[in-house]
Structures are given as structure tokens and as C-alpha cells.
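Subject: Structure handover

Hello,

Here is the structure for you to look through. Please open it first, then read the notes below it.

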Amino acid sequence: MVDQHRKADARGWAALGALMFPVLLVSVNNTALSFALPAISAGLRPTAAQLLWIVDIYPLVLAALLIPMGSLGDRIGRRQMLIIGSSGFGLVSLGAAFAPSAEWLLVARVGIAVFGSMLLPTTLSLLRTVFQDDRQRSLAIAIWTAGFSAGAALGPIAGGFLLNHFWWGSVFLLAVPVLIAFLIAAPLLLPESRDPHPGPVDPASIVLAILTMAPIVYGIKTMATGGSALHGVLFIAVGALSGLLFARRQVVKDYPMLDLRFFRSPRFSGGLSVNVVSNVAMFGFLFFLTQHLQLVSGMDPMTSGLFMVPGLLLAIVAGLTAAKLAYTIGLRNAVVLGLLLVALGFLLVFFTDQQASALPVLGGFTVMSAGVGIATTLSTDLVVSSVPERKAGAASAVSETGYEVGAVLGTAVLGGVTTAFYQAHLDLPAALDPASAQAAHETLGGALDVAAQSPLQASIVDAATAAFSSGMQWSSLVGGLMVLAVAVVLVRVLRADRRMPRTH
């Protein structure tokens with residue numbers, strides 16, 4: 001039996017409602033921006049490098065700052081950190097909406113990332129404070145995860161609507177009304193919580209944490225987008241060296257920023273592994289899904305976004321039922337089931353032909369979304385519940401860092417496999433001139449551009465879509481086997497942690 005005084009009352013659930021505002025804000029902002037890029041290109045005339053950095057700077061800064069900001073929230077108070085982050089996020093978003101130049105927008109995106117890094121770890125750690133009861137906390141985290149998925153689903157719809165009626169900056173204004181509502185509710189509903197014994201500030205650890213994540217993320221992105229492999233490896237090496245120095249410093253400090261003993265817990269390390277691999281799978285799948293819907297099936301961005309909504313809605317439903325599933329069949333079994341569904345989504349693509357119809361790849365995405373909804377909900381709960389409440393901010397930040405690293409690796413690894421097989425299997429007509437053939441070999445989009453200006457259009461399109469389909473299939477095989485391998489390892493890692501605690 002669980003003491004009733006540990007259970008959250010109506011005020012606790014109202015606090016959860018307030019915490020959903022910044023979660024929705026961040027997820028809607030991320031997906032809506034991708035649909036605004038063509039309008040931003042037309043309005044601000046950025047260079048190719050500037051446009052790339054407008055997209056990439058956000059996850060780069062976010063990944064670098066999540067752990068320092070999570071630790072800072074433990075120190076100064078999570079509610080205070082959340083209010084500061086939300087206020088800054090809204091003000092900088094307002095500035096981004098009316099950016100007069102690409103440089104201005106790039107700086108604004110840096111500011112949005114800085115304040116955004118304050119939001120997700122603090123919302124998750126406050127859930128740990130508000131919901132002491134295991135079963136209530138599992139449900140609250142399921143709702144938190146579902147809110148993230150709901151925001152991802154709303155982003156294309158809201159962004160598409162705004163871009164059809166207003167200028168590109170309107171997608172940034174989505175933040176303003178959401179944050180006004182949150183800033184009214186937060187002081188009334190959210191408790192303040194912090195680490196009662198945080199120890200002194202350690203600037204060296206903060207710098208080393210930033211020098212660990214930023215170069216690793218940038219190095220992976222460099223190689224994933226066709227940049228210099230040598231430069232990518234050098235950046236990753238710098239990050240790895242900084243990570244070793246960071247870890248060594250945490251071991252010898254009396255008050256470490258990140259207690260590395262967390263990783264000894266099978267719940268913590270297993271949950272983090274599931275979080276990373278689930279996001280590798282999802283973002284790798286999205287890499288070829290979005291191209292398939294728009295370039296192979298010929299859908300416009302708004303229509304392709306709507307076709308993805310059923311899968312995203314299923315992720316929400318699966319996340320909300322994940323806690324009950326874990327109580328019914330056991331935590332380990334539920335997490336493994338989620339991973340098996342993710343692998344099944346990949347294998348559906350591997351064993352089918354996507355050229356004739358988008359249904360197989362959409363079916364695979366839908367099955368995968370259900371698995372990701374289960375796996376990420378339970379893995380987040382594993383990470384957050386495995387550490388003392390006073391360290392919830394730092395643990396939540398590690399969980400969110402795993403999300404960001406998984407997103408980057410998904411594009412880099414599975415996107416790279418898709419591209420490599422596309423280029424290896426592209427069989428263009430011999431009559432095509434060398435310059436056009438080179439452009440067609442780079443990407444599927446490049447091949448379709450070449451086809452639109454060539455009398456050999458039908459042959460080029462058929463060859464390019466066949467090669468891309470081949471790339472999708474082999475990338476799906478790699479992704480499916482990767483997820484299955486993690487599921488097998490997880491069976492052993494969580495073997496002594498079979499069931500979640502019951503509350504009755």
C-alpha cells in the first residue's frame with residue numbers, strides 16, 4: 001500500500017496541465033519551423049549555409065546546454081527556472097517573428113535554444129516532485145510524453161494554416177499566447193523544488209559539458225549532411241575527449257554536476273538506452289518518410305503532414321496506455337514490446353515495395369509510432385524514477401539529451417544508409433550528360449529536378465524512385481536489426497526489475 005498523503009490531489013493534476021504548455025510549445029515550434037523554410041528563403045534570402053544553420057543551431061545549442069541547465073534548475077529552483085525559460089522563449093520568439101534579416105533570425109534561434117534548454121528538464125523534474133506515487137507518476141509522464149507527440153502532430157497543421165494565410169514569422173508567434181497562459185498558471189499551481197544541498201557552482205564542469213555535447217552533435221551533423229568526414233571525426237574526437245575530462249571531474253568532485261553513479265542503475269542506463277534508440281529509429285524513419293510522401297508520392301507539405309497525423313495520434317494513445325500495460329505484463333515486457341513494434345515498423349518497409357503506393361511506408365510509420373509511444377514513455381519514467389528527487393533536474397536533462405542525440409544519430413546513421421544505397425543503386429539512362437547525372441546522384445530531389453528539365457524524364461524518375469525505394473528498404477533492415485539488438489540486451493539488463501511497483 002502507498003500512503004495516501006503521497007498521492008497528488010486535484011491541484012497536482014492542474015499543475016500537470018500547466019506543465020503541458022511549455023511542452024506543447026517546444027514540440028509545435030520544432031515541427032512548424034520545417035514547413036516555414038521555403039517562405040523564410042523567399043522572405044529573407046539567406047545563403048544555403050545560413051539556412052542550414054537556422055535549422056541546425058537549435059538542436060546543437062539545446063544538446064549542449066540541457067545538462068548544465070538541468071543542474072542549474074536543481075540549484076536555483078525548478079519553477080523559477082521554468083518561468084525564466086518560458087519568458088525568454090516567448091520574448092525571443094517574438095523577435096524572431098519580425099526578424100529583418102537571416103542573421104537576425106539565426107541569433108534569435110540561438111536565444112530560443114538557450115531558453116528552450118531550461119524548459120523540458122524542469123517540466124519533467126517537477127513531475128517527479130508533484131507525483132510521488134509510482135502509478136500516478138507513470139500516468140503523468142505518459143501524459144507529458146503524449147503532449148510532446150501531440151505538439152509534433154499539431155505543428156504541421158498549425159504551421160501549414162498560418163503559412164497559407166500569413167507571413168513566415170507567424171509560426172514563431174504560436175509561442176506567445178501559450179506562454180502568456182503558462183505564466184499566469186505557473187505561480188498559482190506549481191510548487192517550488194530544488195536540491196537542498198547543491199554544493200558550489202562548478203564553472204569548469206559547465207564548460208566541459210558544453211564542449212562534450214556541442215562538438216559531438218556538430219560532428220555527426222557534418223558527416224550526415226555530406227560534409228568533410230575528417231572534420232566530423234575531429235569534432236567528435238574533441239567532444240569525446242571533453243566528455244572523458246567531464247566524467248573524471250564528476251568522479252572526484254564532492255558535489256558533481258552529474259552523479260555518474262546514476263549509470264550503475266539498470267533502470268537509469270536501460271531507460272536512457274531505450275530513449276536514444278527509439279529516437280534514432282523515429283528520426284531515421286522520418287528522414288525517408290517525408291521525402292517519400294513529397295517526392296515519390298507527389299504530396300504537398302500540408303497533405304503529407306496530415307497523412308502522418310494518424311501515426312502521431314497512435315503514439316499519443318500508446319503512450320497513455322503504456323503505464324497500464326506495464327502494470328499488466330511487467331515493465332520489462334512492456335518496454336520490449338514497444339521496441340518490437342518499432343522493429344516491426346521497419347521490417348514492414350523492408351519486405352514491401354513502396355514505389356506503387358505510400359501505404360506500406362505509412363503502415364510502417366503507424367506501427368513504429370505505437371512502439372515509440374510505449375517505449376519512450378516507459379524509458380522516461382525509468383530514468384526519472386531511478387534517481388533521488390533532489391537530482392531530478394540533472395536526470396531529466398540526461399534523458400532529454402538522449403532524445404537530442406538520438407534525433408541527430410537517426411538522421412546521420414539511417415539517413416546516411418538510405419543515401420548511400422540510393423547512390424549505389426541509381427541506374428540512369430546512358431544518354432544523360434555527366435553534369436546532370438552527377439546532380440541526380442546527389443539526392444532524390446536533385447534527380448527529380450534534373451528529370452523535370454530532360455526529355456528522358458520518365459526514365460530518370462523511374463530509376464531515381466526505384467533507387468530511393470532500395471535505400472529505404474536497406475535502411476529499414478539496419479534500423480530493425482539495431483532495435484532488435486537493443487531489445488535483446490534490455491531483457492538481460494532489466495531481468496531483476498521485472499515489474500513496476502503496485503499501488504494497491
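**Helix pairs**

Helices α12 and α17 are roughly antiparallel to each other, because the angle between them is over 145 degrees. That angle is roughly 165°, and the two axes come within 7 Å. Keep in mind throughout that this is a predicted model. In the chain, α12 covers residues 331-350 and α17 covers residues 457-493. Their crossing is left-handed. The contact of α12 with α17 is made up of 19 nonpolar residues, four polar ones and one charged one.

Helices α3 and α4 make another such pair. The first of these takes in residues 78-97, the second residues 102-116. Their axes are 8 Å apart and the packing angle is about 165°, so α3 and α4 also count as roughly antiparallel. The crossing is again left-handed. Which residues in α3 meet residues in α4? On the α3 side they are Ile84, Gly85, Gly88, Phe89, Val92, Ser93, Gly95 and Ala96. On the α4 side they are Trp104, Leu105, Ala108, Gly111, Ile112, Phe115 and Gly116. Sorted by class, this contact holds nine nonpolar and six polar residues, with no charged residues.

The third pair is α10, residues 266-296, with α13, residues 359-385. Here the axes lie 8 Å apart and the angle is about 155°. That is why α10 and α13 are described as roughly antiparallel. These two helices cross in a left-handed way. Their contact includes 18 nonpolar residues, ten polar residues and one charged residue.

**A residue in α13**

Thr376 sits in helix α13. Is Thr376 buried or exposed? Its relative accessibility is 10%, so Thr376 counts as buried, the cut-off for buried being under 20%. Apart from neighbours within four places in sequence, the residues that Thr376 contacts are Thr145, Asn275, Ser278 and Asn279.

**Two residues in α11**

Helix α11 runs over residues 301-329 and contains Thr328. Lys324 is in α11 as well. Thr328 has a relative accessibility of 53% and therefore counts as exposed. For Lys324 the relative accessible area is 61%, so Lys324 is exposed too; the cut-off here is over 50%.

What lies 2.8 Å from the backbone oxygen of Lys324? It is a polar atom of the Thr328 side chain. Lys324 can also be placed relative to Arg135: the two are 189 residues apart in sequence, while their C-alpha atoms are 8.8 Å apart in space.

**The chain as a whole**

The chain has 504 residues, and 54% of them are buried. How many helices and strands does the chain have? There are 17 helices and zero strands. Now take the contacts between residues at least 6 apart in sequence: 82% of these join residues at least 24 apart.

When you go through the model, you could start with α12 and α17, whose crossing is left-handed. After that, look at Thr376 in α13, and finish with Thr328 in α11.

Regards

Note on methods:
Residues are numbered from 1 along each chain as its sequence is written. This is a predicted model: local features need pLDDT of at least 70, side-chain atom pairs count only at pLDDT 80 or more; totals for chains, interfaces and linings use all residues. Side-chain values use heavy atoms; hydrogens and water are left out. Helices (H or I, at least four residues) and strands (E, at least two) are DSSP runs, numbered from the N terminus. Buried means under 20% relative accessible area, exposed over 50%, partly exposed in between (1.4 Å probe, protein chains only). A polar contact is a pair of N or O atoms within 3.5 Å; within protein, one must be able to donate a hydrogen and the other to accept it, and residues adjacent in sequence count only if both atoms are side-chain atoms. Axes are lines fitted to C-alpha atoms, for helices over the stretch in contact, and angles run from 0 to 180 degrees between N-to-C directions. Angles under 35 degrees count as roughly parallel, over 145 as roughly antiparallel, 65 to 115 as roughly perpendicular and the rest as oblique. A crossing is left-handed if the near helix is turned anticlockwise from the far one by less than a right angle, and right-handed if clockwise. Ala, Val, Leu, Ile, Met, Phe, Trp, Tyr, Cys and Pro count as nonpolar, Asp, Glu, Lys and Arg as charged, and the others, Gly among them, as polar. Contact means heavy atoms within 4.5 Å.
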